Amino acid sequence: PNDIQIIRDSFNNLESLQLQVENIFDFGFELGSNVEIYNSINNLTDIQIIEFTNMDIAVIDEFSINLPYLIELRVDENNISDISFILGNPLLERLYINDNTISNLDIISGVATSDLDHLQHVVASDIFSDNNLIDSFIQLPNLSTIDLTNTSIVSINNSFNDLSNLTLVNVDADNLLTIEDSFNNIFGTYADTNRFVWTEGKIGVISGSFNSGIYDRIAIVDQ
C-alpha cells in the first residue's frame, strides 16, 4: 500500500488527463494517513466532480482545487478543519463537507466573492467543532438546501438571509446561544418543510430575526 502523506505543487495545468471515470477526479491510487494537499489540483478543465470521500485528508490549502468547471465537490468523512479551498470554483453547485472538523463554515457566503453564485446544495452535517456564523449563507442566489444537522453552531449573526430559492434548511440548536439579524426573507414558496423546531438548547438572545419569508412553523422551546 502507498503511504503518501504530502501532495505539493502537483496535478496542475494538465490539458488532458485520463480518468478512471469521466469528469471525476479521485486520484485513482491509494494515499496514506492525515494527507496534506498544497497548491495542487488546479486548472484541470476536464474535471466536474472531485470525489475525496473518506480519504483521511487533514489539509487542503486555499491554493488547491481551483477548477473552472467543477460542479460537485465531495470531501466528506475526512479530518479537514479549514474549507477555504472551496472558493475558486465559479460553477460549483453541490458541496459535501459533512463529517469533518471544520471551524470556518462562515466562508460559505457571497458577501466577498461571486465564486459561490451557482451553489445550490450544501451538506455540512455532523461537524463537532464550534462555529460562529457571521455573514454566512447570504448573497447566494441559487441556494436551495442546507443541511447542518448535528453540527455545532454557537452563534448566528447576519446569516441565512434573502434566500428566496431555499426549500430546506436543517440547523441544530443544541449549542446555539444567539441569533441576530438572521433567517429573514427566506423560503420564497410555501411548503410544510419551511420550519424550525428546536425542542432543546441554550438560546439566550433572538434579535432582528425570523422576519418575512414564508414559514410553516417556528417552535423554540426548552431553551
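## Briefing: pocket, core and aromatic cluster

The lining of the largest pocket is made up of seven nonpolar, four polar and four charged residues. Bear in mind that this is a predicted model. Beyond the pocket, there's a nonpolar core of 59 residues, the largest in the structure, and a set of 18 aromatic pairs. A few loop residues get a closer look at the end.

**The largest pocket**

- The space inside the largest pocket comes to about 240 Å³.
- Its lining has 15 residues, and the ones closest to the pocket centre are V171, D172, A173, V197 and W198.
- Two elements, β12 and β14, each give two or more residues to that lining.

**The largest nonpolar core**

- F52, L105 and I108 are the members that touch the most others in the 59-residue core.
- Strands giving two or more residues to this core are β3 (35-38), β5 (57-60), β10 (145-148), β11 (153-157), β12 (168-171) and β14 (195-198).
- As background, nonpolar side chains in soluble globular proteins tend to be buried together.
- If you zoom in on F52, its contacts beyond four places in sequence include F25, F27, I37, I41, I57, I60, I65 and V75.
- F52 doesn't stop at nonpolar partners, though: D26, R74, D76 and N78 are also on its contact list.

**The aromatic cluster**

- Ring pairs join F137, F160, F183, F187, F196, W198, F210 and Y215 into a cluster.
- The usual shorthand for a pair of aromatic rings is the distance of the centres plus the angle of the planes.
- Across the whole structure the search turns up 18 aromatic pairs, one of them being F183 with F196, an edge-to-face pair at 4.7 Å centre to centre and 65° between the planes.
- That pair connects distant parts of the chain, with F183 in the loop between β13 (178-180) and β14 and F196 in strand β14, 13 residues apart.
- F183 and F196 are both buried.
- F196 also pairs edge-to-face with F210, this time at 5.7 Å centre to centre and 75° between the planes.
- F210 sits in the loop between β15 (205-207) and β16 (217-220) while F196 is in strand β14, so this pair ties together parts 14 residues apart in sequence.
- F210, like F196, is buried.
- Another cluster member, F137, lies in the loop between β9 (131-134) and β10.
- F137 is not a glycine, yet its phi is positive, near 55°.
- With a relative accessible area of 0%, F137 counts as buried, because the cut-off is under 20%.

**A buried polar loop residue: N194**

- N194 is in the loop between β13 and β14.
- Its relative accessible area is just 1%, so N194 is classed as buried.
- Leaving out residues up to four places away in sequence, N194 touches T167, F187, T189, I214, Y215, D216 and R217.
- Two of those contacts, F187 and Y215, also belong to the aromatic cluster.

**Loops with some exposure**

- N34 is found in the loop between β2 and β3, and its phi is positive at near 50°, in a residue other than glycine.
- The relative accessible area of N34 is 43%, so it counts as partly exposed.
- F63 sits in the loop between β5 and β6 (72-74).
- At 49% relative accessibility, F63 is partly exposed, because only values over 50% count as exposed.
- Beyond its sequence neighbours within four places, F63 is in contact with N39, S40 and N42.
- F63 and L87 are 24 residues apart in sequence, with their C-alpha atoms 9.3 Å apart.
- D9, in the loop between β1 (6-8) and β2 (24-25), touches Y38, N39 and S40 once residues up to four places away are set aside.
- N39 and S40 therefore turn up as contacts of D9 and of F63.
- From D9 to A112, 103 residues along the chain, the C-alpha separation is 27 Å.
- D117 is placed in the loop between β7 (94-96) and β8 (121-123), and at 28% relative accessibility it counts as partly exposed.
- Aside from neighbours within four places, D117 is in contact with Q139, P141 and N142.
- The C-alpha atoms of D117 and Q139 are separated by 7.9 Å, with their positions 22 residues apart along the chain.

Definitions and conventions. Residues numbered from 1 in each chain as written. Predicted model: local features only at pLDDT ≥ 70, side-chain atom pairs only at ≥ 80, totals over all residues. Heavy atoms only, no water. Core = buried A, V, L, I, M, F, W, Y, C linked by side-chain atoms within 4.5 Å. Buried < 20%, exposed > 50% of the residue type's maximum accessible area, 1.4 Å probe, protein only. Helix = DSSP H or I, 4+ residues; strand = E, 2+ residues; numbered from the N terminus. Contact = heavy atoms within 4.5 Å. 1 Å grid on protein atoms, 1.4 Å probe; cavity = no way out; pocket = protein on both sides within 12 Å on 5 of 7 lines; lining within 4 Å. Points joined across faces, edges and corners; volume = space filled by probe spheres on them. Nonpolar A, V, L, I, M, F, W, Y, C, P; charged D, E, K, R; others polar. Phe/Tyr/Trp six-rings, centres within 6.5 Å; stacked < 30°, edge-to-face > 60°.
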